[in-house]
Amino acid sequence: MTTRTWITATPPTPNGDLHVGHLAGPYVAADVLGRFLRADSHDVRLTTGLDDHQGYVEVRAMKGGDRKPEETADRYGESIVRVWRDAAVEFDHVLRPRADPGYTLFVQDFFQRLYDEGHIVERTRPLPYCTPCARWLYEGHVTGGCPHCGASSSGNSCEPCGRPNDCGDLTDPHCATCREKAELRDVTRLYFPLAPFADQLAAFWQRVDMPPHLRALCERMLTDGLPEIAVSHPAGWGIPVPAAGFTDQRVFVWFEMAPGYLREYDPAGETLPQSGPVQFFGFDNGYFHAVLFPALFLAYDARTPLPRAFIVNEFYQLEGLKFSTSRRHAVWAHEALALVGSDVLRHHVLADRPNGRETSFSLPALERTRNHLASLWDDWLARLFTAVEEDCAGRVPREEPTGQSWERLTQRLGRIAGELREAYGVSGFDPRRAVALLDEAVACASDFGHVHAHERDRPAGNSSYRAALRGQLGVAAALTAWSAPVMPRGAARLAAAVGFPAHRPVDASALCLPEPGVLITAPTAPFFTGALHG
């Protein structure tokens, strides 16, 4: 029986539209891996959801004039799903918490089991309170200084250092809505102690594939002593806590995400995954995925397979500052897609992906990517198709390429295909490298075409010239498979033009000469830069 590869991308918060930083992080990259594995005939399930119950949604509703946070979640949730579609990010399942009739009960049952088995305990501790707003402050409702690194932080977790906080331990806490200084008041909440799972987590971290930055965070937390994590808050937005005496509180949204992942895999909530997922997320979500969720799964059901790999992106910056939906510091994805289309934007954010280091986006750089694809990819293909139309009546030549230059090209492309498989695969996943390899393949083919165009100047060179055209058509056929994970729509248009299936494995076998005499469909627009939609 084929084992399913489950790929998850962390659910975005619907407190605003998706920005380019989101696409550069989990979503396009997860889609790339899914497309590569599917073309290789793997059974793949690619899932995500919407993080409706985040406190940031409620804050956005209050600041944006919506009467209810539900309106904010619905409005931006629809926008997010639409952007995924326009960006050619194809999920097998998108969990919509408030549209799933069994979701709330599933989360509450998950919570109740951990409470009944003693994994969740009561604690009375200080929590910031805003007197003018008459509101307890947690998550996006509060800002202050991180107790670990001192950076400006929201409640429950710090984006810069990735470590959790208890809200009450923030320095100089303020209300995010009215900006007034908060006071600390004691309140009894429910907590999930991580320390009992220290040995199991340490063993898990030894076997899971994750980057050094995240591993350092995990080991630092372990060394300092794993904390107790508040899993309920006195609030009105979110899923009610099922435990007696706490039904007026709401389940901490990051606790909620753990059973939410299981619901993504199986909407009925009845089947455990066959193997642990490959999870895509940003470093600011690293503690939740690498520490909290595995501990919750261990407490809930030890049979739950823990993740096999964490694929983590660092922050993507805009003008020197992190992209931020809550601070409205962003270039929105739908605007960028309207400017350049999905293929150009995907190529750009993958080539510029903040993998292991922070990178920075700008609209002029995006325009340079469009010009790069137009002058390298589309220019070569336009020259090739025009030559086939004018010199071969639009049909594949019968001559076969031979000689040292063809042999060197095919050997080089064979090596590129092997490296592409590594860059697209789980263990060596590196889309930045994949994009560079694709550009190298096109540059090699373009140079080969330029060199052999001079064959027409030889008295007996027509045969060699036509053979070189057929060889280039073979490279174009290979690119329909090799570029499909990165630029699926342009690859599909190219596949239709050269008469090859749209979905083939990324390997050296994709480099094959088209049959002689086959009519080649000349493009009506550039393959990768000429269509913004579809």
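## Strand β1 and its partners

In β13, Phe280 is the bridge partner of Ala9, and this contact belongs to a pairing in which β1 and strand β13 (residues 278–282) run in the parallel sense over 3 bridges. The model described here is a predicted one.

A second pairing joins β1 to strand β2 (residues 44–49), again in the parallel sense, over 4 bridges. Within that pairing, Trp6 of β1 stands opposite Arg45 in β2. Between these two strands the chain passes through helix α1 (residues 20–39), and the resulting β-α-β crossover from β1 to β2 is right-handed.

## Burial of β1

Strand β1 (residues 5–9) is largely enclosed by the rest of the structure, because 5 of its 5 residues are buried. The covering applies to both faces of the strand: Thr5, Ile7 and Ala9 are buried on one side, while Trp6 and Thr8 are buried on the other. Trp6, buried on its face of β1, is also the residue that stands opposite Arg45 in β2, and Ala9, buried on the other face, is the one whose bridge partner in β13 is Phe280.

## Helix α1

The helix that links β1 to β2 has 20 residues and reaches 27 Å from its first C-alpha to its last, which is close to the 28 Å expected at 1.5 Å a residue. Along this span α1 nevertheless bends, by about 40°, at Tyr27.

Helix α1 is also mostly covered, with 18 of its 20 residues buried. After the helix comes Ser41, whose phi is positive, near 70°.

## Cysteines without disulfides

How many disulfides does a search of the whole structure find? The search finds 0, and two cysteines, Cys175 and Cys178, can be examined individually in relation to Cys130. For Cys175, the closest cysteine sulfur is that of Cys130, at 3.8 Å, and this separation is too far for a bond, given that a disulfide requires a pair of cysteine sulfur atoms within 2.5 Å. Cys178 is likewise in no disulfide, and its nearest cysteine sulfur, also that of Cys130, is 3.5 Å away.

The surroundings of the two residues can be described through their accessibility. Cys175 is buried, with a relative accessible area of 0%, whereas Cys178 is partly exposed, with a relative accessible area of 27%.

Definitions and conventions. Residues are numbered from 1 along each chain as its sequence is written. This is a predicted model: local features need pLDDT of at least 70, side-chain atom pairs count only at pLDDT 80 or more; totals for chains, interfaces and linings use all residues. Side-chain values use heavy atoms; hydrogens and water are left out. Buried means under 20% relative accessible area, exposed over 50%, partly exposed in between (1.4 Å probe, protein chains only). Two strands pair if DSSP finds at least two bridges between them. A crossover is right-handed if, with the strands pointing away from the viewer, the path from the first strand over the helix to the second runs clockwise. The expected span of a helix is 1.5 Å times one less than its number of residues. The bend at a residue is the angle between axes fitted to the seven residues ending there and the seven starting there.
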